[in-house]
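Here are some short exercises to work through with the model open beside you. Try each task before reading its solution.

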Amino acid sequence: IVTEYVAILRDAILPAYVRSDVLFSVARNKVSDVELAANAILGLHRDIKLGQTDSSIMYDVTSGRLPLQAAIEKTYQDLLDAMQDLKLATDKLLEVYEGDENVVKYVHIMVGGMDGMLYCYKFWQRYGLADKLTLFEK
């Protein structure tokens with residue numbers, strides 16, 4: 001939803017034929033997959049502390065499907081796979097709609113939103129990572 005608001009503010013309005021394209025759907029879904037996996041990994045400290053079981057890692061552990069380390073490794077691989085799929089989908093989308101500045105802007109907004117998500121983990125105290133997560137190396 002935030003992506004849609006930013007797209008409107010930046011005048012990156014996509015026509016129905018782009019929005020109905022399977023490449024667009026795949027790209028949007030892969031953004032969600034990346035965000036869910038990243039949330040499971042970066043929010044793990046909070047989930048354990050609060051006993052929350054709705055992330056993929058905590059679900060796998062509490063349901064007895066996987067031990068904690070294996071659940072983390074599985075989710076990390078899911079994250080890497082989703083990022084690779086997202087790159088392929090957005091590259092293809094930009095290729096198919098080459099020259100359409102609204103598609104270019106929308107893809108940048110969509111992918112850029114994931115960068116903003118990382119800042120949430122760094123600066124929101126509820127995740128317990130303010131002094132543990134280094135976003136930029138010196």
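**Exercise 1.** Classify M83: is M83 buried, partly exposed or exposed?

*Solution.* Start with the cut-offs: buried means under 20% relative accessible area, exposed over 50%, and partly exposed in between (1.4 Å probe, protein chains only). M83 has a relative accessible area of 44%, so M83 is partly exposed. The model is predicted: local features need pLDDT of at least 70, side-chain atom pairs count only at pLDDT 80 or more, and totals for chains, interfaces and linings use all residues. Residues are numbered from 1 along each chain as its sequence is written, and side-chain values use heavy atoms, leaving out hydrogens and water.

**Exercise 2.** Find the helix that holds M83 and check its span.

*Solution.* First, locate M83: it lies in helix α6, residues 68-96. Helices here are DSSP runs of H or I with at least four residues, numbered from the N terminus. Next, the expected span is 1.5 Å times one less than the number of residues. With 29 residues, α6 should span 42 Å, and its end C-alpha atoms are 42 Å apart, so the two agree.

**Exercise 3.** Which residues of α6 are buried?

*Solution.* Going along α6, you should collect A71, T75, L79, A82, L86, A89, T90 and L93. For the wider picture, buried residues make up 32% of the 138 residues in the protein.

**Exercise 4.** How many helices and strands does the protein have?

*Solution.* Count the helices to get seven; the strand count is zero. Written along the sequence, the pattern is α-α-α-α-α-α-α.

Terms used:
Helices (H or I, at least four residues) and strands (E, at least two) are DSSP runs, numbered from the N terminus.
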